[in-house]
Amino acid sequence: MLYRSRLAAAIAFGLTLSQPALAQVKVRVGQPQAGTVQFVPLQVASEVGIFKRQGIAVEVISFAGGPRVQQALAADSIDVGIGSGPELAFVAKGAPEIAVAAIADAPYSVILAVLRDSPIKTAEDLKGKTISISSKGSLTEWLGRELSRQLGWGASGITLAPLGSTAAQMAALKTRQIDGMIVEANAGYRLEEDGSGRVLVQFGDRIKNFHSYILYARHGFAQTNPDALRAFLAAWFESVDYMREHRAATVEVVRRTAEVSQAIAARDYDELMGMFNRTGRFDSRALSELARSFVDMGRLPHAPDMRALVSEQYLPSTK
């Protein structure tokens with residue numbers, strides 16, 4: 001009996017000593033906005049307990065757009081940020097961060113919507129029209145310029161108006177201050193559901209070799225907490241796998257976080273799940289397209305060495 005008591009005490013003492021090692025490492029993660037499908041893996045990983053299993057405690061912070069996420073990374077306000085592919089230009093310009101995973105490829109999460117009674121019936125009717133985007137230098141700006149280029153009008157055949165939030169763009173569209181808007185997919189789905197608008201262009205159908213969203217890590221965090229960064233990336237991709245295998249549960253998370261109807265949440269899932277990159281590996285063709293985007297938007301005078309801007313060393317093994 002005495003032996004058992006001493007053994008139990010020793011085990012308890014050992015567990016007490018090991019608590020600091022078992023404490024979860026905090027990871028501050030920034031997302032451009034809440035309630036969009038491409039960022040739902042963060043919510044799923046939290047609700048299902050994936051982050052906890054990986055030994056990290058994740059704090060998700062929502063910002064008003066990708067540029068604000070980049071500012072937060074530079075200011076050491078977050079450790080990891082979700083940003084668009086074109087924001088890789090910040091790294092090329094010397095931002096204190098590195099791209100550590102490609103998380104979404106063809107841009108199915110972005111559409112161009114018009115009013116239901118708009119005279120614009122096809123993409124070819126967009127020449128000279130005013131279309132809203134979120135901000136200068138954003139993914140939506142490049143997509144608008146690329147659409148104009150694909151249609152044979154050069155980069156400026158469509159007038160792009162940076163109006164900020166989706167709500168602001170929606171208001172401008174409904175008051176006919178603009179002819180259309182380039183926004184996240186479920187904003188277009190909402191217009192179709194209430195009968196006020198329609199999706200004119202699905203960018204994922206037009207642009208295939210691309211990394212629309214990337215995970216960026218602050219240099220200081222990657223250097224001092226490489227295991228925490230690896231754990232976060234492992235959790236992200238485990239979350240994506242979970243979403244693929246659990247449609248009903250994921251649709252419910254989308255419905256709640258995006259505050260949309262069950263029908264739109266299901267449409268989001270069915271049409272957008274295919275955009276998620278399942279390994280995080282960077283594709284050379286997609287990187288070349290991004291390099292071209294930097295020059296097209298005047299952010300860099302010439303294409304940089306793209307492989308110097310990304311790192312795959314923190315990704316989960318694919319073996």
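These questions and answers concern one sheet and two helices in a predicted model.

Colleague: In what order do the strands of the open sheet lie?
Modeller: The sheet has 5 strands, and their pairing is mixed. Neighbouring strands are turned by 35° against each other on average, direction ignored. The order is β7-β6-β8-β5-β9.

Colleague: Why is one side of β7 and of β9 left without a neighbour in the sheet?
Modeller: β9 covers residues 197-202. Both β7 and β9 have one side left without a neighbour in the sheet because each stands at an edge, with a single partner strand.

Colleague: Do β6 and β7 run parallel or antiparallel, and what is the hand of the crossover between them?
Modeller: Strand β6 (residues 130-133) is joined to strand β7 (residues 159-162) by 4 bridges, and the two run parallel. Ile131, for example, has Leu160 in β7 as its bridge partner. From β6 the chain passes through helix α6 (residues 139-150) to reach β7, and this β-α-β crossover is right-handed.

Colleague: Which residue in β8 is the bridge partner of Ile111?
Modeller: β5 (residues 110-115) and β8 (residues 180-184) pair in the antiparallel sense, with 4 bridges. In β8, the bridge partner of Ile111 is Val183.

Colleague: What angle does the direction of α6 make with that of β5?
Modeller: α6 packs on the sheet and touches β5, β6, β7, β8 and β9. Its direction and that of β5 make an angle of about 70°.

Colleague: At what angle to β8 does helix α7 run?
Modeller: Helix α7 spans residues 166-174 and lies across β5, β6 and β8. Its angle to β8 is about 155°.

Conventions:
Residues are numbered from 1 along each chain as its sequence is written. This is a predicted model: local features need pLDDT of at least 70, side-chain atom pairs count only at pLDDT 80 or more; totals for chains, interfaces and linings use all residues. Side-chain values use heavy atoms; hydrogens and water are left out. Two strands pair if DSSP finds at least two bridges between them. A crossover is right-handed if, with the strands pointing away from the viewer, the path from the first strand over the helix to the second runs clockwise. Axes are lines fitted to C-alpha atoms, for helices over the stretch in contact, and angles run from 0 to 180 degrees between N-to-C directions. Contact means heavy atoms within 4.5 Å.
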